[in-house]
Amino acid sequence: MKNLTYILILVILVATTSCEKFLDTKPKDFPDESGILNTKENLERALAGIYKTLGSANLYGLFLFHTSGSYADEAWDSRANNSTNTYANNSIQGYSHNTAAPDIYGFWKDLYVGIQRANLLLANLPASSADENLKTSVEGEARFLRAYYYFLLVTHFGDVPLITDLNYLADPYLFSRTPSVEIYNWIVNEMQQAEQNVPKASDWGYGGRVSKSAVQGILARVYLHWAGYPVKDESKYAEAKKWAEKVIGSGEHQLNPSYENIFIKYAKDEYDIKESIFEVEFNVLDASFYKAYGFVGNNNGIRGFNSSATRAYLRVTGRLWNFYNASDKRRDWVISNYIYTSGSYTTKTTQSTSAIRNIYGLCPGKWRREYENVVTNSVATPQNFPLLRYSDVLLMYAEADNAVNNGPTKQGMDYVNLVRRRGYKIASVNMNEVTPADLNYLDYNKTEFVDKVLYEERSRELCFEGLRQNDLIRWGKLIQTIQDVSNAFPTHGLPNHNAMIRGTNISEKNLLFPIPQLEYSLNRNLLPNNKGWE
């Protein structure tokens, strides 16, 4: 067992090293078993292997921003255009998938890869003779990431095996599913331990590492999901409010005055830890100690002259467009009303645009490749993807506060209005004055605040950031929302389009992914499958 453990840690270390460096490294250059985690370099390389799961194509490298964006109510996948197209007839986007869906299996598999890497590091960390402060930080980051991967599992699959040690090495197919409530309890305990051990965001200086406020903000998100469907423990709203309040009260964060600038910075490989609290790194040249291959700004970008560099598979829905009014300047950034017809992303000198008049032909515009500093005109992009922004924390506080107080308060609505003012390009932060962007908390009861304010505002602010699908699920609104979107979708001569057929296909079973067929075929302890997937 000991030898297998060390071998797998070596696999982690090698996996986080470039191919060239690996080929150039002689066996004698590797540390022996007794000292494998005794140096800062090896500790951070092992930790980087855990982080790298975030950037997997099966997570935030592609799946969670592309598929999630195209099977909620914000966008649709333009490739599904006839009755024989697999994106229309056998896809997550069209709610026509089955238990053998490769995307779902890849998502499950890579999450457990990240979890296993964290288990290995944490099991061997106590024996390390490295600096104790370094070990404390590494432990906090590893604990948080492992808990975050379980959060993704429990919100997408419900009950899953909770594996927190190395016993799985003996026989990985003996584990049964752990009840979701037990998993949530474990997640928050792990994250709270991590919060004590990781540095502040300002200590890191960039958003690619786990910081105290990143943990606090994600804890608020975890508690909101725990309070919503399917567990529905509404006592957790108080905890969500508490953890969001910690981020707000830390003094570490504030809204970037320019909404557009948040995303321009992602393109330029610049950090803004005031607004962008935690993000996934993609091909970062300097600060990042781990690198991944991503498609941000490509699959979810603006159509262009280069079909490889701007595949732009996603199109927005009329529903998202109608969430905005003309005074909300976010609309013309997050929804692009042009395509690129000529030029080069490398030179950025001869680009021109072509107007699009059909709303359903518009592309998401948050991540724009024209702003990239280093562009290859290829499928890969260097743009980072946000996991937690400060505006999300403000909106989460408002939601939790509304639940705790049985209706919105002025404080909660002030935070919503701060987000709205930024979107309307109103600079004032004096909440005692009324601006055209402001809503009055007295105009809404508890239910209306969610249905009429947060339901639209979270989409306006956070669209295409991989949050919408699970927001709709925890609010109990996914099925009706998807049906409404499908009914409103214009025919365009595409009667079998996934944006239309998903309204017919969706049912209660789609509130969770199925346990992948390959997994339960090897481990019958994972059965019965989720409701509707038996």
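Secondary structure: I took helices (H or I, at least four residues) and strands (E, at least two) as DSSP runs, numbered from the N terminus.

Source notes: The model is predicted, and I accepted local features at pLDDT of at least 70 and side-chain atom pairs only at pLDDT 80 or more, while totals for chains, interfaces and linings use all residues. Residues are numbered from 1 along each chain as its sequence is written, and side-chain values use heavy atoms, with hydrogens and water left out.

Whole chain

I looked up the overall make-up and found 21 helices and eight strands in the protein chain. Of its 534 residues, 59% are buried, a term I use for under 20% relative accessible area, with exposed meaning over 50% and partly exposed in between (1.4 Å probe, protein chains only). For the accessible surface I noted a total of about 20400 Å², with carbon and sulfur atoms holding 49% of that; these areas come from the Shrake-Rupley method with a 1.4 Å probe, and for residues only the protein chains shown count as cover. I then turned to contacts, meaning heavy atoms within 4.5 Å, and noted that, of those between residues at least 6 apart in sequence, 72% join residues at least 24 apart.

Helix pair α7 and α10

I looked up how helix α7 (residues 132-157) lies against helix α10 (residues 212-227), and found that their axes come within 12 Å and cross at roughly 25°. The axes are lines fitted to C-alpha atoms, for helices over the stretch in contact, and the angles run from 0 to 180 degrees between N-to-C directions. I therefore entered α7 as roughly parallel to α10, since angles under 35 degrees count as roughly parallel, over 145 as roughly antiparallel, 65 to 115 as roughly perpendicular and the rest as oblique. The crossing of α7 over α10 is left-handed, that is, the near helix is turned anticlockwise from the far one by less than a right angle, whereas clockwise would be right-handed. On the α7 side I listed Phe 144, Tyr 148, Phe 151 and Thr 155, which meet Val 215, Ile 218, Arg 221, Val 222 and His 225 of α10. Sorted by class, this α7 to α10 contact has six nonpolar, two polar and one charged residues; Ala, Val, Leu, Ile, Met, Phe, Trp, Tyr, Cys and Pro count as nonpolar, Asp, Glu, Lys and Arg as charged, and the others, Gly among them, as polar.

Helix pair α11 and α15

I next checked helix α11 (residues 236-249) against helix α15 (residues 390-404), whose axes are 8 Å apart and which pack at an angle of about 145°. Here too I recorded the handedness, and α11 passes α15 in a left-handed crossing. The residues of α11 that meet α15 include Tyr 237, Ala 240, Ala 244 and Ile 248, and those met in α15 include Tyr 390, Leu 394, Tyr 397 and Val 404. By class, I counted 13 nonpolar, no polar and three charged residues in the contact of α11 with α15.

Backbone entries

Before listing these I reminded myself that most residues other than glycine have a negative phi, and most peptide bonds are trans. The peptide bond from Tyr 229 to Pro 230 is cis, with omega near 10°, and Pro 230 sits in the loop between α10 and α11. Lys 232 is placed in the loop between α10 and α11 as well; its phi is positive, near 60°, and I call Lys 232 exposed because its relative accessibility is 55%. I also found a positive phi near 60° at Lys 425, in the loop between α16 (410-423) and α17 (446-462). Towards the end of the chain, Leu 527 and Pro 528 are joined by a cis peptide bond with omega about 5°, Pro 528 being in the segment after α21 (517-522).

Three buried residues

Thr 317, in the loop between β3 (314-316) and α13 (318-323), counts as buried because its relative accessibility is 1%. Leaving out residues up to four places away in sequence, I found that Thr 317 touches Asp 73, Glu 74, Ala 75, Trp 76, Ile 359, Tyr 360, Val 485 and Arg 502.

Gly 297 belongs to the loop between β2 (276-280) and β3, and I entered it as buried at a relative accessible area of 1%. Its C-alpha is 5.8 Å from that of Arg 368, although the two are 71 residues apart in sequence.

Asn 530 is in the segment after α21 and is buried, with a relative accessible area of 8%. Among the residues it touches beyond four places in sequence I noted Phe 157, Arg 177 and Leu 512.
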